[in-house]
Amino acid sequence: MHNPIYVTQPFMPPMEEFTDYLKKIWETKILTNNGQFHQELEKGLCDYLDVKHISLFSNGTLALIIAIKALKISGEVITTPYSFVATTHALWWNNIKPVFVDIEPEHLNLDPEKVEAAITPLTTAILPVHVYGNPCNLERLKQIATKHNLKLIYDAAHSFGVSFNGQSVLTSGDLSVLSFHATKNFSTMEGGAIVCHDESTKQQIDNLKNFGIIDEVTVVTAGINAKMNELQAAFGLLQLKYIDIAVSKREKIARLYREKLTSAKGINLLNEIEDVKYTYSYFPILINEKIYGITRDDLYDCLKKNNIYTRKYFYPLISNFPFYKDLPSSISKNLPIANIISKQVLCLPIYPDLSTEIVLEICDLIVNKEIK
Ligand code: T4K
């Protein structure tokens with residue numbers, strides 16, 4: 001049998017090229033605090049992502065926490081239960097009450113049509129997620145946020161390089177937050193970023209991630225330490241050099257899955273949205289056990305026996321974790337679609353070095369249920 005196949009693996013650039021960066025770091029002895037590579041990566045990402053300002057962070061979760069802090073959000077925030085826990089944890093770290101609203105069934109993002117009913121006098125913001133890189137309904141969410149004078153922060157952890165109608169999704173909302181974790185399609189090992197639209201917000205965010213320090217004798221706010229270091233930034237610069245190759249390999253894998261699984265009975269794929277440029281960070285399938293014949297969990301176990309490690313992103317729902325389950329908005333009757341989808345979803349392996357042979361093997365196992 002082949003080696004274990006994981007849901008993802010980072011794209012590793014040639015090691016010699018990283019050694020060149022290491023040599024420079026050893027020469028200059030600058031390891032962190034807005035060093036040369038940090039500055040180069042911020043500039044490189046602004047150019048590549050076609051955004052005005054970006055602030056790098058040591059990870060995506062701290063970037064989310066600071067994004068919420070920077071906009072002085074308080075009270076209640078409307079968000080999705082169908083995400084990685086960090087989305088809601090970032091609210092908790094800001095003493096904010098999460099208010100969960102259900103997702104729409106087509107692309108599994110926060111359903112804008114259900115948002116307004118959840119707004120109260122305490123609501124100050126909306127925190128949606130572009131789940132698996134499928135853009136949320138940007139226009140509708142903007143309308144609602146404007147009408148009710150709410151801030152709009154997108155958790156764009158899955159949306160590196162995604163654009164809609166030729167424009168980066170990161171330009172939507174007040175702020176967008178990226179994750180550059182090892183499992184993401186662009187990685188700095190651990191890392192993240194906030195995208196904002198003006199210089200003064202960027203300055204404020206930079207202050208918040210660096211203790212509030214302006215210069216040797218000036219501290220303007222009670223900031224935290226959430227800086228990206230030079231090793232992370234150097235790795236990011238190399239990732240950026242190879243990102244288009246990495247994405248095109250992912251695209252090939254996604255197309256092959258689509259071709260082989262489209263007509264599989266009981267397996268549903270998410271439709272791609274027209275005019276979206278995808279970067280294929282995840283490949284979710286939904287298993288309708290009545291038609292497919294076995295449950296999502298059975299399929300997960302069977303693939304595992306074949307050394308293929310899929311993931312149930314996102315099960316359990318955030319609203320079902322003990323920590324959040326007693327919130328009024330967590331009751332399952334409020335979140336019927338999210339509850340159904342989280343029991344059906346399975347994310348299949350997708351990463352640049354995944355071979356065609358393995359993708360075909362995975363598809364065969366799923367379609368023919370020839371699972372030993
Ligand atoms: N918002 C959203 C919507 C997110 O999805 C995330 C993170 C965040 C916010 C927070 O951003 P960060 O603070 O993480 O930057 C993973 C990641 O830890 C997490 O970053 C990610 N979302 C989440 C969806 O998935 P796990 O617990 O599933 O990861 P893990 O360690 O089991 O890795 C999955 C597979 O990847 C492994 O089986 C093997 C492979 N792998 C993993 C690592 C860490 C590697 O090949 N190399 C590695 O170094 O959470």
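Which pocket does the space taken by the ligand form? In this predicted model, the space taken by the ligand is the second largest pocket.

**View 1. The ligand and the shell of residues around it.** The ligand is surrounded by 25 residues, and the closest of these are Q9, T61, D155, R311 and Y313. By residue class, the shell around the ligand divides into 10 nonpolar, 12 polar and 3 charged residues. The ligand lies between domain 1 (15–238) and domain 2 (243–368), because both domains give residues to the shell around it.

**View 2. Helices that contribute to the shell around the ligand.** Helix 3 (60–70) and helix 4 (86–92) each supply at least two residues of the shell. With 3 residues, helix 3 gives the most to the shell around the ligand.

**View 3. Side-chain polar atoms that face oxygen atoms of the ligand.** For T61, which is among the closest residues to the ligand, a polar side-chain atom lies 2.5 Å from an oxygen atom of the ligand. In the side chain of Y313, which is also listed among the closest residues, an N or O atom is 2.5 Å from an oxygen atom of the ligand. For S179, the distance between an N or O atom of the side chain and an oxygen atom of the ligand is 2.7 Å. On its own the ligand has 910 Å² of accessible area, and the protein covers 76% of this area.

**View 4. Two cis peptide bonds at Y313–F314 and Y315–P316.** The peptide bond from Y313 to F314 is cis, with omega near 15°, and Y313 is the residue whose side chain places an N or O atom 2.5 Å from a ligand oxygen atom. The peptide bond from Y315 to P316 is likewise cis, with omega near -5°. F314 lies in the loop between strand 16 (308–309) and helix 10 (336–344), and P316 has its place in the loop between strand 16 and helix 10 as well.

**View 5. The backbone at D275.** D275 is a residue other than glycine with a positive phi, and the value is near 70°. The loop that holds D275 runs between strand 13 (267–269) and strand 14 (276–277).

Key:
Residues numbered from 1 in each chain as written. Predicted model: local features only at pLDDT ≥ 70, side-chain atom pairs only at ≥ 80, totals over all residues. Heavy atoms only, no water. Near = heavy atom within 4 Å. Polar contact = N/O pair within 3.5 Å; in protein donor to acceptor, adjacent residues only side chain to side chain. Areas by Shrake-Rupley, 256 points an atom, 1.4 Å probe, with all protein chains shown as cover. 1 Å grid on protein atoms, 1.4 Å probe; cavity = no way out; pocket = protein on both sides within 12 Å on 5 of 7 lines; lining within 4 Å. Sits in = over half its atoms within 2 Å of the grid points. Helix = DSSP H or I, 4+ residues; strand = E, 2+ residues; numbered from the N terminus. Nonpolar A, V, L, I, M, F, W, Y, C, P; charged D, E, K, R; others polar. Domains from an automatic or database assignment.
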